[in-house]
Amino acid sequence: MIGLEKGYSQEKIIILNPRDNVGIIKKDVSKGEKIIINKEKFQNSIEVKDNISYRFKIALKNIGIGETIIKSGEIIGKAKEKIQKGEMVHIHNIEGLRGRGDLKNK
């Protein structure tokens, strides 16, 4: 595939694409923990704001109301409320936009 961007992975988090504003937790993390990323396109220091379980998403940056949620380089939803960097990103604070038949003609 031409132009395929490589992601980033470490013990606690995986980021599938440099454009992503959420990462996927690979190991349960606790509120107050820090996740440090020291890789070129992914450099970040995240203080975990919630207890987040394996396979759930975490905000890599502050996300405003109505902003798109990007995972795997693709838009998967939009924020229903402000999401702070380090907060869990899930159905309580995003509106999913994938597989929505009700949005096909909008």
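Here a student and a tutor talk through the strands and salt bridges of a predicted model.

Student: Let's start with the overall make-up. How many strands does the protein chain have?
Tutor: Reading from the N terminus, the elements run β-β-β-β-β-β-β-β-β-β. There are zero helices, and the count of strands is 10.

Student: What share of the residues counts as buried?
Tutor: The cut-off for buried is under 20% relative accessible area. The protein chain has 106 residues, and the buried share of them is 36%.

Student: And the surface: what share of the exposed area do carbon and sulfur atoms supply?
Tutor: The protein chain exposes about 6900 Å². Of that area, carbon and sulfur atoms supply 48%.

Student: Now the open sheet of three strands. What is its strand order?
Tutor: Take the pairings one by one. β7 (residues 68-71) and β8 (residues 74-79) run antiparallel and are joined by four bridges. β8 is also joined to β10 (residues 94-96), again antiparallel, by three bridges. Put together, the order is β7-β8-β10.

Student: Which strands stand at the edges of that sheet?
Tutor: The order is β7-β8-β10. Two of these strands have a single partner strand each, so one side of each is left without a neighbour in the sheet. Those edge strands are β7 and β10.

Student: By how much are neighbouring strands of this sheet turned against each other on average?
Tutor: The sheet in question is the open one with antiparallel pairing. Ignoring direction, the average turn between its neighbouring strands is 40°.

Student: Which residue takes a positive phi in the hairpin of β7 and β8?
Tutor: Look at the connection, which has two residues between the strands. On the strands themselves, I70 has I75 in β8 as its bridge partner. The residue with a positive phi, near 60°, is S72.

Student: Over on the β10 side, what is the bridge partner of K78?
Tutor: β8 and β10 are antiparallel. One residue of the register is A79, which stands opposite I94 in β10. For K78, the bridge partner in β10 is E95.

Student: On to charges. How many salt bridges does the whole structure have?
Tutor: Among them are K12 with E33, E47 with K34 and K61 with E67. Searching the whole structure gives a total of five.

Student: How far apart in sequence are the parts that K12 and E33 tie together?
Tutor: Their side chains meet in a salt bridge at 2.7 Å, N to O. K12 sits in the loop between β1 (8-9) and β2 (13-15), while E33 sits in the loop between β3 (22-25) and β4 (34-37), so the pair ties together parts whose separation in sequence is 21 residues.

Student: Is K12 buried or exposed?
Tutor: Buried needs a relative accessible area under 20%. K12 has 18%, whereas its partner E33, at 23%, counts as partly exposed. So K12 is buried.

Student: Which strands does the pair of E47 and K34 link?
Tutor: The two side chains form a salt bridge at 3.7 Å, N to O. They are 13 residues apart, and the pair links distant parts of the chain: β5 (residues 44-47) and β4.

Student: Last one: what relative accessibility does E67 have?
Tutor: E67 forms a salt bridge with K61, the closest N and O atoms being 3.6 Å apart. K61 counts as partly exposed at 39%. E67 is partly exposed too, and its value is 33%.

Key. Residues numbered from 1 in each chain as written. Predicted model: local features only at pLDDT ≥ 70, side-chain atom pairs only at ≥ 80, totals over all residues. Heavy atoms only, no water. Pairing = 2+ DSSP bridges. Salt bridge = Lys/Arg side-chain N within 4 Å of Asp/Glu carboxyl O. Buried < 20%, exposed > 50% of the residue type's maximum accessible area, 1.4 Å probe, protein only. Axes fitted to C-alpha atoms, helices over the stretch in contact; angles between N-to-C directions. Areas by Shrake-Rupley, 256 points an atom, 1.4 Å probe, with all protein chains shown as cover.
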